[in-house]
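Got a few minutes to poke around a protein model? Take a look at the sequence and coordinates before reading on.

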Amino acid sequence: RDKRDVWDTFFDLVQADTGIAPESMNEAQKVLAMRAPFVMFDTDNGPTNPAKAESTHPRTFGSFPRVLAKYVREDGVISLEEAIRRMTSLAANRIGAFDRGRIAVGMAADLVIFDPAAVRDLATFEKPLQYAVGMDYVIVNGDFAIDDGNATGAKSGRVLRHQPEKS
């Protein structure tokens, strides 16, 4: 049996791009992981239509708002700027999408305008089909997907595939 420290093993798996199931981590472990500068935030759930779905994991609708509300605003685990970096440029760079994740000339026009004091997830395990609040405007490829808190029905996104690094 390997006698390595469990956290060394955990971070070796993270760096090897191995998926980690957050429900297998307690709160202290989540906080420790969030404090590591290379940990990114994502959700592994695909699109879910609440009008057709019967159930889903609560983070389907609240993964990013939960980080911003709980771990940034309420618990102060990481700064707002660091959370945004991990949700945007760090994640985009990891898959080789270097034209995304920052606001600058020549970058893709994907933006989220939100109120840091109001953003929060509403979904629970009992009622998982709840949209988050506080994300008032979402612009994808230059088109509003959410305008003044209301979904527009626009489908201007596209699938991004991992681009191998050029040598």
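What follows is a set of questions and answers on this predicted model.

Q: What pattern of helices and strands does the protein follow along the sequence?
A: The protein has five helices and four strands. Reading along the sequence, the pattern comes out as α-α-α-α-α-β-β-β-β.

Q: What share of the protein's residues count as buried?
A: Residues are buried here if their relative accessible area is under 20%. Of the 167 residues in the protein, the share that counts as buried is 27%.

Q: What share of the accessible surface belongs to carbon and sulfur atoms?
A: The accessible surface of the protein adds up to about 11,300 Å². The share of that surface belonging to carbon and sulfur atoms is 54%.

Q: Among contacts between residues at least 6 apart in sequence, what percentage join residues at least 24 apart?
A: Start with the contacts in the protein between residues at least 6 apart in sequence. Those that join residues at least 24 apart make up 49%.

Q: Which helix gives the most to the largest nonpolar core?
A: The largest nonpolar core has 13 residues, and Phe41, Leu68, Val77, Ile78, Ala83 and Met87 touch the most other members. At least two residues come from each of α2, α3 and α4 (80-87). With four residues, the helix that gives the most to this core is α3.

Q: Which residues are among the six of the other core?
A: This other core lies apart from the largest one. Among its six residues are Phe10, Phe11, Ala33 and Ala36.

Q: Leaving aside neighbours within four places in sequence, which residues is Leu68 in contact with?
A: Leu68 is one of the residues that touch the most other members of the largest core. Leave aside its neighbours within four places in sequence, and Leu68 is in contact with Arg73, Leu80, Ala83, Ile84, Met87, Phe114, Val119 and Met135.

Q: How many residues apart are Lys70 and Glu27, which link distant parts of the chain?
A: The side chains of Lys70 and Glu27 meet in a salt bridge, with N to O at 3.7 Å. Lys70 sits in helix α3 (residues 59-74) and Glu27 in helix α2 (residues 27-34), so by the helix assignment the pair links distant parts of the chain, 43 residues apart.

Q: Is Glu27 buried, partly exposed or exposed?
A: Anything between the 20% and 50% marks is classed as partly exposed. Glu27 has a relative accessibility of 33%, so the class is partly exposed.

Q: Which ring does the charged end of Lys70 sit over?
A: Besides its salt bridge to Glu27, Lys70 has its charged end over a ring, 5.2 Å from the ring's centre. That ring belongs to Tyr71.

Q: Is Arg100 buried or exposed?
A: The side chain of Arg100 meets that of Asp99 in a salt bridge, 3.8 Å from N to O. Asp99 counts as partly exposed at 34% relative accessibility. Arg100 has a relative accessibility of 9%, so it counts as buried.

Q: Which residue, with a relative accessible area of 54%, is exposed?
A: Glu74 and Arg73 meet through their side chains in a salt bridge of 3.8 Å, N to O. Arg73 is partly exposed, at 32% relative accessible area. With 54%, the exposed residue is Glu74.

Q: What kind of aromatic pair do Tyr137 and Phe144 form?
A: The structure holds one aromatic pair. Tyr137 and Phe144 have ring centres 6.1 Å apart and planes at 70°. Planes over 60 degrees apart are classed as edge-to-face, so the pair is edge-to-face.

Q: What separates the C-alpha atoms of Asp115 and Gly134?
A: Asp115 lies in the loop between β1 (111-114) and β2 (135-140). Asp115 and Gly134 are 19 residues apart along the chain, and their C-alpha atoms are separated by 5.6 Å.

Q: What is the positive phi of Asn141?
A: Most residues other than glycine have a negative phi. Asn141 lies in the loop between β2 and β3 (143-147). Although Asn141 is not a glycine, its phi is positive, at about 50°.

Q: Where does Asp148 lie?
A: Asp148 also has a positive phi, about 55°, although it is not a glycine. At 51% relative accessibility, Asp148 counts as exposed. Its place is the loop between β3 and β4 (150-151).

Conventions: Residues numbered from 1 in each chain as written. Predicted model: local features only at pLDDT ≥ 70, side-chain atom pairs only at ≥ 80, totals over all residues. Heavy atoms only, no water. Salt bridge = Lys/Arg side-chain N within 4 Å of Asp/Glu carboxyl O. Buried < 20%, exposed > 50% of the residue type's maximum accessible area, 1.4 Å probe, protein only. Core = buried A, V, L, I, M, F, W, Y, C linked by side-chain atoms within 4.5 Å. Contact = heavy atoms within 4.5 Å. Areas by Shrake-Rupley, 256 points an atom, 1.4 Å probe, with all protein chains shown as cover. Phe/Tyr/Trp six-rings, centres within 6.5 Å; stacked < 30°, edge-to-face > 60°. Lys NZ or Arg CZ within 6 Å of the ring centre and 35° of its normal.
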